[in-house]
Structures are given as C-alpha cells and as structure tokens.
Amino acid sequence: DLPEAWSKLASNTVHVVIADQRMPRTPGSELLAMVKDRYPKVRRMLVTAYADLEAIIDAVNNGGVTKYFAKPWVSDQLVLAVSQAFAELKADEEREAYTERLLESNRQLEFALRQRLLS
C-alpha cells in the first residue's frame, strides 16, 4: 500500500527499501523510482519471480536499483546485499561529513587569512 510506504519512510529512518515487482496497484519498479525522487539516499532493491526484463531495466534506470533478486532468492545473498548497501550508505554519510568539516575548516582559514591581511 503506497500511503503506508510513504508513512513508514516519513516516520522512520530507512536505509534500504526492497520492493516486489508484482505488487497490487503499483509495480515495484515504479515505487522504487518514487522512493528515489523523495528519498534519494535510500538504497533500493527489486525482487521478482518474473523474468520481466523491461521491468528490471526500468527499475535500474529510473529507480536507481542497486540489486535485483529473482525469486526464489537465497536469503544469505539478500542479507549480504542489505548489509553491503547499509555499509555503502554509512560510508557515503561519513564522506559527506568529512567534506563538510573540510569546507568549514577552509572557510575559517580564509576568514583568518583575510583578517590578518586587513590588519
């Protein structure tokens, strides 16, 4: 249910969304494309029992899907993929925080240099 998905995403910290391609009313690839637009940092994965190449291509191109699993999937592979996605997300966050610290340090150094040159 789409409203329930948006409610969960809005009220919880979500790192990975796994959608089934064949869901009632909204295909998984379409849901993942909407998640990408609204929550671009969330990692997205698609699961389907159908060999629907067009849906897979759509999910990768429009939904930014990082992994695709065919049913029946191997649970160890799914757990590993989610763990890797979470690790990648955390690494991205750490890089962003480090970059922001560098930018702030640079702003402070520039300010100090300007003050020194003006005095």
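In which helix is R107 found? R107 sits in helix α4, which covers residues 75-118; helices and strands here are DSSP runs (H or I over at least four residues for a helix, E over at least two for a strand), numbered from the N terminus. A quick note before the views: this is a predicted model, where local features need pLDDT of at least 70 and side-chain atom pairs count only at pLDDT 80 or more, while totals for chains, interfaces and linings use all residues. Residues are numbered from 1 along each chain as its sequence is written, and side-chain values use heavy atoms, leaving out hydrogens and water.

**View 1. R107 and Q84, a pair separated by 34 Å.**
R107 and Q84 are 23 residues apart along the chain, and the 34 Å runs between their C-alpha atoms. With a relative accessibility of 39%, R107 counts as partly exposed. For this and the other views, buried means under 20% relative accessible area, exposed means over 50%, and partly exposed is what falls in between (1.4 Å probe, protein chains only).

**View 2. Helices α1 and α2 cross at roughly 30°.**
Here α1 (residues 2-11) meets α2 (residues 28-38), and their axes come within 12 Å. The axes are lines fitted to C-alpha atoms, over the stretch in contact for helices, and the angles run from 0 to 180 degrees between N-to-C directions. The crossing angle makes α1 roughly parallel to α2; angles under 35 degrees get that label, over 145 is roughly antiparallel, 65 to 115 is roughly perpendicular, and the rest are oblique. The crossing is right-handed, which means that the near helix is turned clockwise from the far one by less than a right angle (anticlockwise would be left-handed). On the α1 side, L2, W6 and L9 make the contact, and on the α2 side L31, M34, V35 and R38 do; contact means heavy atoms within 4.5 Å. Six of these residues are nonpolar, one is charged and none is polar. As for those classes, Ala, Val, Leu, Ile, Met, Phe, Trp, Tyr, Cys and Pro count as nonpolar, Asp, Glu, Lys and Arg as charged, and the others, Gly among them, as polar.

**View 3. W6 of helix α1, in among its neighbours.**
At 14% relative accessibility, W6 counts as buried. Setting aside residues up to four places away in sequence, W6 touches L31, M34, V35, R38 and Y39. One of these partners, R38, is 32 residues from W6 along the chain, yet 9.4 Å separates their C-alpha atoms.

**View 4. The largest nonpolar core has eleven residues.**
The members are W6, L9, V17, A19, L31, L32, V35, V42, L46, A59 and V65. A nonpolar core is a set of buried Ala, Val, Leu, Ile, Met, Phe, Trp, Tyr and Cys residues joined through side-chain atoms within 4.5 Å. At least two residues of this core come from each of α1, β1 (16-20) and α2, and α2 gives the largest share, three residues. A second, separate core of six residues includes F69, L78, A81 and A85. In soluble globular proteins, nonpolar side chains tend to be buried together. Take V42: not counting residues up to four places away in sequence, V42 touches V14, H15, V16, V17 and V35.

**View 5. Helices α2 and α3 pack at about 5°.**
The axes lie 8 Å apart, and the two helices are therefore roughly parallel to each other. From α2 the contact takes S29, L32, A33 and K36, and from α3 it takes A55, D58, A59, N61, N62 and G63. By class, that gives four nonpolar, four polar and two charged residues.

**View 6. S29 and the buried residues of helix α2.**
In α2, the buried residues are G28, S29, L31, L32, A33 and V35. They pack against α1, β1, β2 (43-48), α3 (53-63) and β3 (65-70). S29 has a relative accessibility of 4%, so it counts as buried. Leaving aside neighbours within four places in sequence, S29 is in contact with Q21, L46, A55, D58 and A59.

**View 7. R25, in the loop between β1 and α2.**
At 75% relative accessibility, R25 counts as exposed. Its phi is near 70°, a positive value in a residue other than glycine. Most residues other than glycine have a negative phi.

**View 8. Y68 in strand β3.**
Y68 has a relative accessible area of 31%, so it is partly exposed. T48 is 20 residues away from Y68 in sequence and 8.1 Å away in space, C-alpha to C-alpha.
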